[in-house]
Amino acid sequence: MDLRVEKTEKAIRNAFLELRAKRALEKISVKELCQLAEINKSTFYAHYRDVYDLSDTLEAETVASILDSLPKEREYSVHSVEQFTRDLCLAFAAHISLINILFSGKEQNRLSVYIENSLKAVIFEKYPAFQGNLEKNILLSYCIQGAYHAYVNHPDTDVAVLVDVIGNISRTLGPLFRD
């Protein structure tokens, strides 16, 4: 990528994140974003259709980064639900500042849906029978969504304690995946 394009892209993203940290997505205008990024509107539109397109791009990148931060060397299986949810919570912790900015307010549930859909695709590939099994499918939703919401709804709890609690709860659900 051209250095100027890279610099412009960084300015747009930084300005957006600064504005998004202060207000709801629908309250951010392209005009104020361009002023903060010190670019012309035409430059912004050469990169993105609108602020929603920019937000969607940053959200997708954040989700990909969260998923990429899950340990690749681990072979998750129905026998390691506890480890899976612990690793998922640690991935949330590593990205919490972006999560708090991009997925705040009305957008809070979007991350858990993105994560759930992405993780289910990987899990269904390994365990195709889960996709057609309502109980297993709901258990996956419960583990993924539950881990996410438990994590973000307890911001003042020590991360290690929170991860332990969520992991311990998940351990009790493990046998339900094996039935």
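These legends describe close-up views of a predicted model.

**View 1. Helix H2 and its buried face.** H2 spans residues 30–37. Val30, Leu33, Cys34 and Ala37 are its buried residues. Seen down the helix axis, the buried residues fall within an arc of 100°, so they line one face of H2. Lys31 and Gln35 sit on the other side of H2 and are exposed.

**View 2. The packing partners of H2.** Three helices meet the buried residues of H2: H1 (3–22), H3 (41–47) and H4 (51–68). After H2 comes Glu38. The phi of Glu38 is positive, near 60°.

**View 3. Helix H10 from end to end.** H10 covers residues 159–178, 20 residues in total. From first C-alpha to last, H10 reaches 29 Å. That is close to the 28 Å expected at 1.5 Å a residue. H10 also carries a kink of about 35° at Thr172. The proline Pro175 follows shortly after the kink.

**View 4. The N-terminal cap of H10.** Asp158 caps this end of the helix. A side-chain oxygen of Asp158 lies 3.2 Å from the backbone nitrogen of Ala160.

**View 5. Buried residues of H10 and their surroundings.** The buried set comprises Leu162, Val163, Ile166, Gly167, Ser170, Leu173, Gly174 and Phe177. These buried residues pack against helix H5 (81–94), helix H8 (128–131) and helix H9 (134–152).

**View 6. Thr85 in helix H5.** Thr85 belongs to H5. The relative accessible area of Thr85 is 0%; the cut-off for buried is under 20%, so Thr85 counts as buried. A polar atom of the Thr85 side chain lies 3.1 Å from the backbone oxygen of Glu82. Beyond its neighbours within four places in sequence, Thr85 is in contact with Cys143, Ile166, Gly167 and Ser170. Ile166, Gly167 and Ser170 appear among the buried residues of H10.

**View 7. Val113 in helix H7.** H7 runs over residues 108–126 and includes Val113. The relative accessible area of Val113 is 42%. Buried means under 20% and exposed means over 50%, so Val113 is partly exposed. Val113 and Ala129 are 16 residues apart in sequence. In space, their C-alpha atoms are 21 Å apart.

Note on methods:
Residues are numbered from 1 along each chain as its sequence is written. This is a predicted model: local features need pLDDT of at least 70, side-chain atom pairs count only at pLDDT 80 or more; totals for chains, interfaces and linings use all residues. Side-chain values use heavy atoms; hydrogens and water are left out. Buried means under 20% relative accessible area, exposed over 50%, partly exposed in between (1.4 Å probe, protein chains only). Helices (H or I, at least four residues) and strands (E, at least two) are DSSP runs, numbered from the N terminus. The arc is that of the directions from the helix axis to the C-beta atoms. Contact means heavy atoms within 4.5 Å. The expected span of a helix is 1.5 Å times one less than its number of residues. The bend at a residue is the angle between axes fitted to the seven residues ending there and the seven starting there. A polar contact is a pair of N or O atoms within 3.5 Å; within protein, one must be able to donate a hydrogen and the other to accept it, and residues adjacent in sequence count only if both atoms are side-chain atoms.
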